[in-house]
Amino acid sequence: MTTLTVVPNTTPAADDFDELAQRMALVACGVREGKTRACDEHQRKGMAILRIASTGALDALALTICGAERPCTTCTAKAAEIIRIYNEAAR
Ligand SMILES: [Zn+2]
Ligand SMILES: [Zn+2]
């Protein structure tokens with residue numbers, strides 16, 4: 001049996017991390033009443049979104065969410081919201 005590398009206390013637990021990524025994926029996908037999960041496509045982007053959000057790079061995040069060459073205003077707003085969620089969770 002192999003011993004796993006001990007994760008420092010400063011990083012969130014894997015579960016928290018995953019939960020945060022899911023929440024961000026949902027925002028990226030578009031929050032609607034009664035909707036609790038992002039679509040598969042945004043679900044897959046969850047971890048990438050979380051990683052970019054941790055750097056605070058709004059433009060890069062909007063680009064990732066939008067998937068277009070230039071992010072639209074909707075996706076830029078979503079990116080700002082995701083960074084806000086990250087900052088709140090990181091506190
Ligand atoms: Zn989606
Ligand atoms: Zn867009």
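**Exercise 1. Cysteine exposure**

Task: In this predicted model, decide which class of exposure Cys66 and Cys39 belong to.

Solution:
- Step 1. Take the relative accessible area of Cys66, which is 23%.
- Step 2. Recall the cut-offs: buried is under 20%, and exposed is over 50%.
- Step 3. Cys66 is therefore partly exposed.
- Step 4. Cys39 has 32% relative accessibility, so Cys39 is partly exposed too.
- Step 5. Look for disulfides: the structure holds 0.

**Exercise 2. The zinc site**

Task: Find which residues coordinate the zinc ion (ligand 1), and state how they are spaced in sequence.

Solution:
- Step 1. List the donor atoms: SG of Cys29, SG of Cys39 and ND1 of His42.
- Step 2. Check the distances, which run from 2.0 to 2.1 Å.
- Step 3. Write the spacing of the donor residues as C-x9-C-x2-H.
- Step 4. Classify His42: at 12% relative accessibility, this residue is buried, because buried means under 20%.

**Exercise 3. One helix and its cover**

Task: Name the buried residues of helix 3, then work out where they lie around its axis.

Solution:
- Step 1. Helix 3 spans residues 58-66, and its buried residues are Leu61, Ala62 and Ile65.
- Step 2. Look down the axis: these residues fall within an arc of 100°, so they line one face of helix 3.
- Step 3. Recall the general pattern: an α-helix has 3.6 residues a turn, so residues three or four places apart point the same way.
- Step 4. Ask what covers these buried residues: the cover includes helix 1 (14-29), helix 2 (40-55) and helix 4 (73-90).
- Step 5. Move past the end of helix 3: Gly67 follows, with a positive phi near 80°.

How values were computed:
Residues are numbered from 1 along each chain as its sequence is written. Chains are lettered from A and ligands numbered from 1 in the order in which they are written. This is a predicted model: local features need pLDDT of at least 70, side-chain atom pairs count only at pLDDT 80 or more; totals for chains, interfaces and linings use all residues. Side-chain values use heavy atoms; hydrogens and water are left out. A disulfide is a pair of cysteine sulfur atoms within 2.5 Å. Buried means under 20% relative accessible area, exposed over 50%, partly exposed in between (1.4 Å probe, protein chains only). Donors are N, O and S atoms within 2.8 Å of the metal (3.2 Å for Na, K and Ca); water is not among the atoms, so sites may look incomplete. Helices (H or I, at least four residues) and strands (E, at least two) are DSSP runs, numbered from the N terminus. The arc is that of the directions from the helix axis to the C-beta atoms. Contact means heavy atoms within 4.5 Å.
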